[in-house]
2 protein chains.
Amino acid sequence: VPPNSAPHDPAPTSAPAAPRIGVVGGGQLARMMLGPAIELGLPLTVLATDPAESAAQGAARVRIGRHDDEEAVRALAAEVDVLTFDHEHVPPRILEGIERDGLAAVRPGPSALVHAQDKLLMRERLSALGHPCPRWWRAVSAADVDAALAEIGAAAGEGAAPAPRAVVKTPRGGYDGHGVRIVSAGGDVADWFEEHDELLVEELVPFTRELSAQVARRPGGEMLALPVVRSTQKDGVCFEVLAPAPDLSAADQERIQHLALRIAEDLGVTGMLAVELFETADGEVLVNELAMRPHNTGHWSMEGAVTGQFEQHLRAVADLPLGASAPRAPHAVMVNLLGGSREDLAAGAREAMARDPELKIHLYGKTVRPGRKVGHVTLAGEDPADLLARAHRAERLIIDAVHEEQSA
Amino acid sequence: VPPNSAPHDPAPTSAPAAPRIGVVGGGQLARMMLGPAIELGLPLTVLATDPAESAAQGAARVRIGRHDDEEAVRALAAEVDVLTFDHEHVPPRILEGIERDGLAAVRPGPSALVHAQDKLLMRERLSALGHPCPRWWRAVSAADVDAALAEIGAAAGEGAAPAPRAVVKTPRGGYDGHGVRIVSAGGDVADWFEEHDELLVEELVPFTRELSAQVARRPGGEMLALPVVRSTQKDGVCFEVLAPAPDLSAADQERIQHLALRIAEDLGVTGMLAVELFETADGEVLVNELAMRPHNTGHWSMEGAVTGQFEQHLRAVADLPLGASAPRAPHAVMVNLLGGSREDLAAGAREAMARDPELKIHLYGKTVRPGRKVGHVTLAGEDPADLLARAHRAERLIIDAVHEEQSA
């Protein structure tokens, strides 16, 4: 008898006031909520598309179903008190129906979540609210894209390169670089118009670095901000995070935190909100993306802050008082483990542990594919350069097969 | 369809080298291994006697069966690589059979574990090894107890109280004050001789405080020591821990850590070993009890050390390199939540969270009964007196119903 088919019918916990949490999506973000949910005594059920998914491997309560299957999402909602998310891809009409029928509290609610689901709606709303964004255009045809490119070229003036370029994004469904192209002509996204009624065109921001500001917000409005971090991307995927962002004055950090807090309030977010930002040479910031859930740029907080982002998200959506977001050490780093040449991550993790006893390793239980996020490492301490060097050394030890051969 | 009866057949993780862990016992110690096991990518199966048990509520893989049911323990062993424990009550012959038949690695092994199972064996072995113990006697009759009392009285000399006293313990099966009596005559334990062939008699040590020294040891012998902590008991149950122990010189701390490391090595322990100690007025320490698993006196390390004791135990029994045991802050405290007048711990936790955003709360999912360990809180920071005051305030808020009424 395999363990999973053994009789297993967990009784409700002894705490009638502990809200039952349902998480739509079985990825690593849901997985990393499991530990904090166990410690806080919050029963958590995951809706995964497959029993082998990251969170389904570790969860006591799993439903199998798709995030866009109305019956599956409603069935989860009916047996929990609070519905929250591993990703932002649940169709709004499903969530509106759950709210309307009072099946569960939806946090973040669909009216907030839509701004993380639809990049055109996000740009419209943030612009209307006066929050700083790159210049953007709505395009319903390749000609609209060409018109935006012409505007960009005209603004660049005489000395500009002959072929102006822009970023084009599909409003929905993109992630980790998917659904984003850099184009120099409307024809470059002709194929996308076959599937999408409209696309978002944005200027290519000449940013000096990327920052991320995370805040947590309860249904009643209580909010707090995490330290602003520096996020480094590789091929459109977050790769390395340094907390707090270096060379950021206290005044700038506060200004950016306040921007993120205002966005959370303006949009009525509940749970964690990540505001990904471009910083430009003149020290201004422009909003790049929003995510209404724990975010890759907040993984450092699992060990690096008094309250990690997964516990904080649970506290926020369960309407529990928020936890302190103060760092536990002056600096913390996070480096993603992106699938490389080694398939046996456990063997790599063993080598990295042996080299660095302070290293914290998080593996997501995912099969290795090139570039796929399969885990991350964190370190906290005094010297950011040292922490970054050690985290990247660990990353290579874990994902690179060459070390496996060397040590064999 | 309840979530637990949904199809749920977790596939093995992508990491073939990650050992599968089986934990015998479904209490809070097994429960607190779940989060670290998920993050390290170690598939963990719990053998619980009831699906409502603490660890069974949170585990993805649960077998239902008793720790003293040979078939149940062997069935668990057959499907994992490493067998470890939530408590020390598994009969040695079951574990010896599993080792003999090569079903799984047993860590700690039965030849080590027996010293945490049988207090007479522990006293014999530690005395033979020259480790400091209270004076002790083996008693097979009430007359033997009286003879020990007479020796204690004679040693106390002229000025002593007329009725010497001793501690009598059942060699097996005791915990949290159960199986321990303070007696002044052999007749006080006449009933115990009906069930036990022999009892352990010990002098009442005039200790000034209790200390606890924890170490981790891998199968190959790699070891490390955690900071020595001060443990405070109430009615035989650990109640409060301060890490590191105050007013302990570096030399004394090192001496005590070396004692615990030597015991781990002498007995061949794998995993976590807790050595509970009496400190006497002259600064000497005497071994009180041994536990070969994560221990209540190590809960502070979950947030207070770079590697918490539950992660450390998993690393040790899985034969992974040990993690740094350094504290993350100068001081950390742990206060147990012992069942009081409030049944709804979640409501109490909400109040405590609101009062102290730095507080870390761990609830075990157990029904409240008077004095039962139902959770614990930790705090880490600079000022131990402040941390203790805040942790005890939180404890009262969580377990005391009077606050519930006041706030209603």
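## Helices and a first salt bridge

Helices here are DSSP runs of H or I that span at least four residues, and they are numbered from the N terminus. With that in hand, you can start exploring this structure, which is a predicted model.

A good place to begin is helix α9 of chain A, which holds both A:D252 and A:R255. These two residues are three positions apart, or about one turn of the helix. Their side chains meet in a salt bridge, with an N to O distance of 3.1 Å. Are the two partners buried, partly exposed or exposed? A:D252 has a relative accessibility of 26% and counts as partly exposed. A:R255 is partly exposed too, at 33%.

## More salt bridges within the chains

Side chains of opposite charge can pair when their charged atoms come close. Over all chains, a search of the whole structure finds 56 salt bridges. Another one in chain A joins A:D386 to A:R390, whose closest N and O atoms are 3.0 Å apart. Both residues belong to helix α13, which covers residues 384-399 of chain A. They are separated by about one helical turn, because they sit four residues apart in that helix. The two ends of this pair have their own settings: A:D386 is partly exposed, with a relative accessible area of 33%, whereas A:R390 counts as buried at 17%.

Now look at chain B, where the side chains of B:E151 and B:R135 form a salt bridge with an N to O distance of 3.6 Å. This pair links distant parts of the chain, with the two positions 16 residues apart in sequence numbering. B:E151 lies in helix α7 (residues 142-156) of chain B, while B:R135 lies in the loop between α6 (119-129) and β6 (136-139) of that chain. B:E151 is partly exposed, with a relative accessible area of 40%, and B:R135 is partly exposed at 35%. Back in chain A, salt bridges with shared partners tie A:K119, A:R123, A:K169, A:E202 and A:E289 into one network.

## A buried aspartate after helix α13

What surrounds A:D400? To find this residue, go to the loop between α13 and α14 (401-407) of chain A. A:D400 has a relative accessibility of 15% and counts as buried, because the limit for that label is under 20%. The side chain of A:D400 makes a polar contact with the side chain of A:R396, at 2.9 Å. Leaving aside residues up to four places away in sequence, A:D400 touches A:S341 and A:R342.

## A covered helix in chain A

Next, turn to helix α5 of chain A, made of residues 110-117. How many of its eight residues are buried? Seven are, and the helix is mostly covered. The buried ones are A:P110, A:A112, A:L113, A:V114, A:H115, A:A116 and A:Q117.

Several elements of chain A help to cover these buried residues. Among them are the helices α4 (92-100), α6 (119-129) and α9 (250-267). The strands β4 (82-85), β5 (105-106) and β15 (285-291) take part as well. You have already met α9(A), the helix that carries A:D252 and A:R255.

## How the two chains meet

Finally, look at both chains together. Chain A superposes on chain B by a rotation of 180° with 0.0 Å of shift along the axis, and the RMSD is 0.0 Å. That is the relation of a two-fold axis. The same surface serves both copies, as 99% of the contact residues of chain A recur in chain B. In all, 68 residues of chain A are in contact with 67 residues of chain B. About 5,600 Å² of area is buried between the chains, and carbon and sulfur atoms give 55% of that area.

The interface of chain A and chain B also has two salt bridges. In one of them, B:K360 pairs with A:E311, with 2.9 Å between the closest N and O atoms. There are 14 residue pairs in polar contact between the chains. Elements of chain A that each supply at least two residues of the side touching chain B include α2 (54-58), β3 (61-64), α11 (309-317) and β17 (360-363). The largest share of this side, seven residues, comes from α1(A). By type, the residues of this side of chain A divide into 37 nonpolar, 14 polar and 17 charged.

Definitions and conventions: Residues are numbered from 1 along each chain as its sequence is written. Chains are lettered from A and ligands numbered from 1 in the order in which they are written. This is a predicted model: local features need pLDDT of at least 70, side-chain atom pairs count only at pLDDT 80 or more; totals for chains, interfaces and linings use all residues. Side-chain values use heavy atoms; hydrogens and water are left out. Copies are superposed by least squares on the C-alpha atoms of residues with pLDDT of at least 70 in both. Contact means heavy atoms within 4.5 Å. Buried means under 20% relative accessible area, exposed over 50%, partly exposed in between (1.4 Å probe, protein chains only). Buried area is the accessible area (1.4 Å probe) that two parts lose on being put together, summed over both. A salt bridge is a side-chain nitrogen of Lys or Arg within 4 Å of a carboxyl oxygen of Asp or Glu. A polar contact is a pair of N or O atoms within 3.5 Å; within protein, one must be able to donate a hydrogen and the other to accept it, and residues adjacent in sequence count only if both atoms are side-chain atoms. Ala, Val, Leu, Ile, Met, Phe, Trp, Tyr, Cys and Pro count as nonpolar, Asp, Glu, Lys and Arg as charged, and the others, Gly among them, as polar.
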